[in-house]
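Q: Could you take me through one part of this structure at close range? I would like to see how the helices pack against each other, residue by residue.

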Amino acid sequence: WQLEEGLHQAIHRGELELWFQPQVTKEGVMSGAEVLLRWRHPTRGLISPLEFISVAEESGQIAAIEEWVLDETMRLIKHWDSMGLPETFRHVSINISPSHFMQSGFVSQVEGALERHTVANVNIELEITENLLIENFEQAIKTMKALQAKGIAFSIDDFGTGYSSLRYLSQLPLNVLKIDRSFVAPIDHESDETPIIDVIMLMAKKLGLEVIAEGVETQAQRTLLTERGCRLYQGYFFSKPLHHEEFYTLLKQER
Ligand code: G
Ligand code: G
Ligand code: MN
Ligand code: NA
């Protein structure tokens with residue numbers, strides 16, 4: 001079975017699918033979602049990006065795949081908007097692979113997708129990782145600023161698991177920190193100590209950044225995060241990722 005070869009055909013054969021996981025405010029409103037890619041393989045069934053993103057990176061296919069993700073996500077949002085979107089739904093975040101983000105054509109690719117389908121009320125946020133930013137600091141800032149001028153926001157995914165220093169963080173044009181789920185998972189009780197989450201919350205406040213907690217699975221985790229000042233959550237406690245059609249059915253109910 002040739003994963004690499006099959007991937008090459010996947011876009012043209014319509015085998016890639018967008019799934020969405022809700023992001024919920026402390027009032028319980030769905031204010032956004034993260035897009036998660038899936039590959040519906042004709043014989044293997046649904047394949048996780050954990051299995052094929054690295055193959056796509058190594059075989060040079062990641063830019064084409066994520067260009068499809070960018071375009072298809074924005075097309076879907078525009079379609080939903082034409083059928084009716086709740087006013088409280090304000091942002092959609094898309095994971096971008098470091099090797100794609102650093103390519104010279106990246107900015108114009110995103111601009112192209114924005115020009116094809118823009119929705120005034122819904123902001124597009126790109127999720128990138130700390131290590132990418134540090135390894136290519138100057139270039140990363142340039143790319144981020146060019147896209148921020150077009151209304152794109154940036155979040156750091158898996159925050160707290162990389163190597164970024166405070167100096168780097170304060171210089172980057174960032175909007176959101178996503179607390180990695182490895183800091184949320186150990187929380188059992190509302191009385192637990194959470195030194196790392198506390199530091200992230202303080203840092204975000206000082207730097208003027210929004211925070212979202214990932215991997216929230218229990219009421220105790222949600223309650224404790226709220227007490228620590230976190231206002232946005234994502235995780236199985238609220239919803240697992242849903243196929244885009246199922247997701248829109250859920251979203252419509254928020255109107
Ligand atoms: O739901 P989950 O199994 O989808 O995702 C597994 C991993 O794949 C996560 O780390 C997620 O960030 C990543 N992922 C999902 N979709 C994409 C994508 O479009 N591009 C990249 N680079 N990573 C993605
Ligand atoms: O790396 P990134 O943060 O983009 O990864 C998103 C991944 O986290 C996806 O695989 C998604 O399915 C998974 N995920 C989302 N919510 C939860 C959760 O509450 N618990 C766990 N264990 N995984 C989650
Ligand atoms: Mn992510
Ligand atoms: Na993450």
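A: Happy to; here is a walk through the packing around one helix, α5.

A word on confidence comes before the details. This is a predicted model, and the protein chain averages a pLDDT of 95, with 100% of the residues scoring at least 70. For the complex, the predictor gives an ipTM of 0.96 and a pTM of 0.97.

Let's start with α5 and its partner α3. Helix α3 covers residues 62-83, and its axis lies 9 Å from that of α5, at an angle of about 20 degrees. Angles under 35 degrees count as roughly parallel, so α3 is roughly parallel to α5. Their crossing is right-handed. On the α3 side, the contact uses Glu67, Leu70, Asp71 and Met74, which meet Gln109, Val110, Ala113, Leu114 and Arg116 of α5. Sorted by class, this contact has five nonpolar, one polar and three charged residues.

Now turn to the other partner, α7. Helix α5 spans residues 106-116 and helix α7 residues 137-148; their axes come within 10 Å and cross at roughly 15 degrees. That angle makes α5 roughly parallel to α7. This crossing, too, is right-handed. Here α5 contributes Phe106, Val107 and Val110, while α7 brings Thr143, Ala146 and Leu147. Five of these contact residues are nonpolar and one is polar, with no charged residue.

If you follow one residue on your screen, try Val110: this α5 residue takes part in the contact with α3 and also in the contact with α7.

Notes. Residues numbered from 1 in each chain as written. Chains lettered and ligands numbered in written order. Predicted model: local features only at pLDDT ≥ 70, side-chain atom pairs only at ≥ 80, totals over all residues. Axes fitted to C-alpha atoms, helices over the stretch in contact; angles between N-to-C directions. Helix = DSSP H or I, 4+ residues; strand = E, 2+ residues; numbered from the N terminus. Parallel < 35°, antiparallel > 145°, perpendicular 65-115°, else oblique. Left-handed = near helix turned anticlockwise from the far one by under 90°. Contact = placed C-beta atoms within 7 Å. Nonpolar A, V, L, I, M, F, W, Y, C, P; charged D, E, K, R; others polar. pLDDT = per-residue confidence, 0-100.
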